Number of protein chains: 6
Amino acid sequence: MADTWLPSLTTATPQEGFELATKLARVGVKLTQPSSEIRDKLRATYEQDAGQLIASSQVIAIHFQTVSAANNYWREG
Amino acid sequence: MADTWLPSLTTATPQEGFELATKLARVGVKLTQPSSEIRDKLRATYEQDAGQLIASSQVIAIHFQTVSAANNYWREG
Amino acid sequence: MADTWLPSLTTATPQEGFELATKLARVGVKLTQPSSEIRDKLRATYEQDAGQLIASSQVIAIHFQTVSAANNYWREG
Amino acid sequence: MADTWLPSLTTATPQEGFELATKLARVGVKLTQPSSEIRDKLRATYEQDAGQLIASSQVIAIHFQTVSAANNYWREG
Amino acid sequence: MADTWLPSLTTATPQEGFELATKLARVGVKLTQPSSEIRDKLRATYEQDAGQLIASSQVIAIHFQTVSAANNYWREG
Amino acid sequence: MADTWLPSLTTATPQEGFELATKLARVGVKLTQPSSEIRDKLRATYEQDAGQLIASSQVIAIHFQTVSAANNYWREG
């Protein structure tokens with residue numbers, strides 16, 4: 001992951017901010033488990049597990065707090 | 001999910017803000033498990049599981065922090 | 001839940017704020033599991049489960065952060 | 001719990017603030033499980049359970065964020 | 001624990017702040033389980049349990065948010 | 001860990017901030033389990049466990065909130 005994958009926390013809309021939060025949650029997993037093969041195998045399991053889906057949704061929620069603050073909540077000018 | 005589903009974090013009242021937080025928690029799950037068929041199956045299980053209901057309530061709580069801050073806590077003018 | 005149940009985050013005292021946080025935690029569960037019959041059944045179980053009581057207390061704590069910020073921590077004028 | 005048990009979030013020192021956070025974590029449990037008899041029974045179990053002790057410590061940490069902010073982190077002057 | 005163990009949230013460096021956060025996480029456990037004998041026994045177990053180590057790391061992270069804010073993130077000048 | 005490993009929370013870019021958050025999550029584990037031998041053994045297990053990977057990603061998310069705030073979200077000028 002030597003490339004630039006996070007140049008900025010700024011997004012044009014809240015929805016793009018939510019998508020960025022989702023990406024950050026995935027990168028957090030990737031940095032801990034770099035093998036995409038193993039991640040794919042695990043994904044097949046946890047996508048069928050309600051508890052782990054809720055936990056994933058929670059990580060997204062935490063990142064969305066950060067991205068929202070970074071964008072001043074996309075309040076108009 | 002190419003449509004616009006989150007144009008703004010602004011809501012008229014705290015109650016609408018809470019409903020938006022609930023929606024955000026659900027979208028977080030949807031982005032991880034896009035199949036509505038599987039989500040419906042999982043929902044049937046976790047709606048009967050106290051631990052997972054509390055975990056869902058926690059994700060809503062985190063999003064409600066974000067939405068509340070975005071709306072300056074709906075303090076009067 | 002078409003009625004108004006959350007007109008404001010403002011409370012007169014920290015203690016009332018804590019009670020509001022408790023209410024918000026419960027509504028989060030209610031919006032996920034609307035059947036009061038099932039909720040009552042689950043409550044009978046989780047009220048005897050230390051882990052789930054602690055998890056409930058955590059959701060209250062997160063909402064209490066929100067309510068406290070909304071009230072400027074009830075600092076005197 | 002009709003009495004006043006939380007008149008203010010202000011404390012003289014960070015240490016008293018931490019003790020208040022601990023109290024808030026306990027009250028969160030109490031409001032969910034009002035029976036002191038059941039709570040005492042559960043306490044006997046979870047005090048021997050590392051996972052639940054860590055979870056309790058986490059709830060205290062969340063409340064300590066709130067109490068610390070309320071006291072402007074006890075910064076001098 | 002009648003002694004003063006938390007006179008201030010101010011530390012000279014981020015690293016000392018992280019160490020203070022670690023201390024706060026431990027004190028949160030201590031206030032719930034005062035027996036050092038039982039804590040030592042539990043520690044022997046959870047130090048071998050990845051899930052509980054990650055949970056401990058999470059409590060430290062929450063306290064580090066508080067300590068960092070208290071120190072204005074150790075920004076210069 | 002007597003050396004300086006956290007001289008500052010300032011980073012040049014959000015991406016470096018995310019890497020710092022990942023480091024802080026690991027140090028939180030290290031301070032609880034100092035033996036690198038045991039940590040390596042545990043890592044082999046939790047890297048194959050979806051729930052623990054998500055939990056690790058959550059700790060990173062919490063630290064990324066702190067690092068992002070410390071850097072004023074890397075907003076320009």
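**Note on A:A25 and the interface of chains D and E**

1. Leaving aside residues up to four places away in sequence, A:A25 touches A:V59, A:I60 and A:H63, and also F:S57. The model is a predicted one.

2. A:A25 sits in helix α1 of chain A, which covers residues 14–32. The relative accessible area of A:A25 is 10%, under the 20% cut-off, so this residue is buried. Between A:A25 and A:W5 there are 13 Å in space, C-alpha to C-alpha, for a separation of 20 residues in sequence.

3. A turn of 60° with a shift of 0.0 Å along the axis lays chain D on chain E, at an RMSD of 0.0 Å. The two copies are therefore related as by a six-fold rotation axis. D:I62 has the C-alpha nearest the axis in chain D, at 6.9 Å.

4. The contact between chain D and chain E involves 25 residues of chain D and 31 residues of chain E. Together the two chains bury about 2500 Å², with 63% of that area on carbon and sulfur atoms. On the chain D side, the most area is lost by D:Q15, D:F18 and D:I54, which together account for 24% of what that side buries.

5. The rule finds zero salt bridges across the interface of chain D and chain E, but 10 residue pairs in polar contact. Helix α3(D) gives the largest share of the side of chain D that touches chain E, with 13 residues. By type, that side has 12 nonpolar, nine polar and four charged residues.

6. Only 20% of the interface residues of chain D are also interface residues in chain E, so the copies meet through different surfaces.

Notes. Residues are numbered from 1 along each chain as its sequence is written. Chains are lettered from A and ligands numbered from 1 in the order in which they are written. This is a predicted model: local features need pLDDT of at least 70, side-chain atom pairs count only at pLDDT 80 or more; totals for chains, interfaces and linings use all residues. Side-chain values use heavy atoms; hydrogens and water are left out. Copies are superposed by least squares on the C-alpha atoms of residues with pLDDT of at least 70 in both. Contact means heavy atoms within 4.5 Å. Helices (H or I, at least four residues) and strands (E, at least two) are DSSP runs, numbered from the N terminus. Buried means under 20% relative accessible area, exposed over 50%, partly exposed in between (1.4 Å probe, protein chains only). Buried area is the accessible area (1.4 Å probe) that two parts lose on being put together, summed over both. A salt bridge is a side-chain nitrogen of Lys or Arg within 4 Å of a carboxyl oxygen of Asp or Glu. A polar contact is a pair of N or O atoms within 3.5 Å; within protein, one must be able to donate a hydrogen and the other to accept it, and residues adjacent in sequence count only if both atoms are side-chain atoms. Ala, Val, Leu, Ile, Met, Phe, Trp, Tyr, Cys and Pro count as nonpolar, Asp, Glu, Lys and Arg as charged, and the others, Gly among them, as polar.
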